[in-house]
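Hi,

Here is the structure I promised to pass on. Have a look at it first, and then read my notes underneath.

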Number of protein chains: 4
Amino acid sequence: MASVNKVILVGHLGKDPEIRYLDGNVSVASFPLATSEFYNKDGKKVEQTEWHNVVLWRALADLAVKYLKKGKLVYIEGKLRTRTYEDKEGIRRFATEIVADSFNLLGRRSDFEPQNSGKPSESGEQPEESKVDFRENDDDNDGLPF
Amino acid sequence: MASVNKVILVGHLGKDPEIRYLDGNVSVASFPLATSEFYNKDGKKVEQTEWHNVVLWRALADLAVKYLKKGKLVYIEGKLRTRTYEDKEGIRRFATEIVADSFNLLGRRSDFEPQNSGKPSESGEQPEESKVDFRENDDDNDGLPF
Amino acid sequence: MASVNKVILVGHLGKDPEIRYLDGNVSVASFPLATSEFYNKDGKKVEQTEWHNVVLWRALADLAVKYLKKGKLVYIEGKLRTRTYEDKEGIRRFATEIVADSFNLLGRRSDFEPQNSGKPSESGEQPEESKVDFRENDDDNDGLPF
Amino acid sequence: MASVNKVILVGHLGKDPEIRYLDGNVSVASFPLATSEFYNKDGKKVEQTEWHNVVLWRALADLAVKYLKKGKLVYIEGKLRTRTYEDKEGIRRFATEIVADSFNLLGRRSDFEPQNSGKPSESGEQPEESKVDFRENDDDNDGLPF
DNA sequence: TTTT
DNA sequence: TTTT
């Protein structure tokens, strides 16, 4: 208790989001996000790019696939999570990810049109801006999207 | 440009900070920080603890050694940085750290008295609260503490 | 769209939360929160205290009344909202508030026991830590309180 | 001590920054910033815009005048400050402002060219991206820009 | 007074 | 692997 674990990122997607379905119905999307810093080294400006592994669950994963594309600028709020896994040699490794709580597309209106995703898109669907600033509710922790 | 990489943590130190001196004068301190979340699994409350590797440079490293101790509750602002290194088998590995920009002790006044550190403490020293909310200025990027 | 309005505060309550009930059932709680900064003026350390009006709605209001008390240290996330109102002379005035999205008690375990509130407390109730880091769900966006 | 007062905004400038010079040399700039939220009221999408008074000091004020213009999208980090003043009738009023610590232009490259400002521009000057993510150091609190 |  |  008495703790806070919060990450705020604004950066560009390095790839389109990839989505997987756990147990056939729980969506998990992920993508790499780049943030950059500039500093001077011997009088020359040098860019240092940091790559973040962003992971999104359930309804937020579906929204990511629909609205986010490689190259887009996005604001992300989430938390840090370090997973343990075994590599091919059976050695314990760590991977740190940003588990998103919400995201927010930044940029021009034309950037906000939904993109084709792996899932067949519902016919007659309208892009709904208010959906994009979706905040996932996992209070009940029931494994279901809502 | 046009990017933001910000981490905000409130958690407890898992160990006293460790300090090293690069090239004999640049200080680098680090410590593990725990944040926890509670969720319900099959009706029981389960605590999930996340461990973060916090790294502090120069004057901020010196302050960390002076004011922070295992078990203390601290607010930290910083950025994510993933380092690449080779493990013993020569395989490329990644380690994600939080590079602190500032920290802020939370808790009772008695927690704010400086602790003994590796460096000999200056005699007659007064704990200076305003030092603790130190914000490092590395705009000039000269590799020096100030 | 494409906008972010976020406030993060760690400070002490200046008073116990006050709660009101709109239309008999929607809870609204509020309290003043103090944050302080220290700076040097002519060699003397000066404390500058900032007072924030924190407002909480619905379930979060009920939790605030239950867990927060004058003097407690609390982490708050929320958004800025400036209300317009007319003062006694009929002149239009502005009041800026922090509308909380979540809060998190900081401090010792003994601080986390629920306090008596205006509402009769439910018998046999156990303080539930996980309730305190409540995040309000307004996903459905139906204009109704829940 | 033990307190945090942080505001994070992404929004559009409602006007060009205005700059004043205190005592002839300390710069203070300010501008209104809009953030918006969308919600459904009776089946219609309604936009609610929040206006923030952003204030910048010294070197940051000069950068704001140079790089920010009405309509631009900007990321701002700062703190809340409520000023007291007397209105024309001699009544004590409050005005809450966001005192910026840093800002970051968001958007297309063409948005990052410096704009004409009230001050005569230095000849031969190159727009320097790294200047834009300037973080003011007012640790020493000497009233001078650096 | 911004933007979508 | 992004972007400027």
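**What I found**

Let me start with one residue: Glu89(D) is in the loop of chain D that connects β5 (73-86) to β6 (92-106). Bear in mind throughout that this is a predicted model. Is Glu89(D) buried or exposed? Its relative accessibility is 51%, and the bar for exposed is over 50%, so Glu89(D) counts as exposed. What does Glu89(D) touch, apart from its neighbours within four places in sequence? The answer is on chain C: Ile91(C) and Arg93(C) are in contact with it.

**Chains D and C together**

That brings us to how these two chains sit with respect to each other. In general, two copies of a chain are related by a rotation about an axis and a shift along it. Here, a turn of 180° with a shift of 0.0 Å along the axis lays chain D on chain C, with an RMSD of 0.1 Å. The two copies are therefore related as by a two-fold rotation axis. If you want to find that axis from chain D, go to Val7(D): its C-alpha is the one nearest the axis in that chain, 2.3 Å away. Both copies use the same surface, as 100% of the contact residues of chain D recur in chain C.

How many residues does each side bring to the contact? Chain D supplies 32 residues and chain C supplies 34 residues. As for area, the size of an interface is often given as the accessible area lost when the parts come together. Chain D and chain C bury about 2700 Å² between them, and carbon and sulfur atoms account for 43% of that. On the chain D side, the residues that lose the most area to chain C are Val4(D), Glu50(D) and Leu80(D), which together make up 18% of what that side buries.

**Chain A on its own**

For the overall fold, I looked at chain A. It has six strands and two helices, and along the sequence they come in the order β-β-β-β-α-β-β-α. Of its 146 residues, 47% are buried. Which residues make up most of the contacts in chain A with a separation of 6 or more? Those 24 or more positions apart do, with 62% of these contacts. The accessible surface of chain A is about 7600 Å², and 47% of it belongs to carbon and sulfur atoms.

**A turn worth a look, in chains A and D**

Try the loop between β3 (26-41) and β4 (44-57) of chain A, where you will find Asp42(A). Its phi is near 55°, a positive value in a residue other than glycine. With a relative accessibility of 72%, Asp42(A) counts as exposed.

Chain D has its own Asp42(D), in the loop between β3 (26-41) and β4 (44-57) of that chain. Asp42(D) is not a glycine either, yet it has a positive phi of about 55°. Its relative accessible area is 70%, so Asp42(D) is exposed.

**Rings and charges**

Where does the charged end of Lys45(A) sit? You will see it over the ring of Phe38(A), 5.5 Å from the ring's centre. In chain D, the charged end of Lys45(D) sits over the ring of Phe38(D), 5.5 Å from its centre. Don't go hunting for aromatic pairs, though: over all chains, the structure holds zero of them.

Cheers

Notes
Residues are numbered from 1 along each chain as its sequence is written. Chains are lettered from A and ligands numbered from 1 in the order in which they are written. This is a predicted model: local features need pLDDT of at least 70, side-chain atom pairs count only at pLDDT 80 or more; totals for chains, interfaces and linings use all residues. Side-chain values use heavy atoms; hydrogens and water are left out. Helices (H or I, at least four residues) and strands (E, at least two) are DSSP runs, numbered from the N terminus. Buried means under 20% relative accessible area, exposed over 50%, partly exposed in between (1.4 Å probe, protein chains only). Contact means heavy atoms within 4.5 Å. Accessible areas come from the Shrake-Rupley method with a 1.4 Å probe; for residues, only the protein chains shown count as cover. Rings of Phe, Tyr and Trp (its six-membered ring) pair if their centres lie within 6.5 Å; planes under 30 degrees apart count as stacked, over 60 as edge-to-face and the rest as tilted. A charge sits over a ring if NZ of Lys or CZ of Arg is within 6 Å of the ring centre and within 35 degrees of the ring normal. Copies are superposed by least squares on the C-alpha atoms of residues with pLDDT of at least 70 in both. Buried area is the accessible area (1.4 Å probe) that two parts lose on being put together, summed over both.
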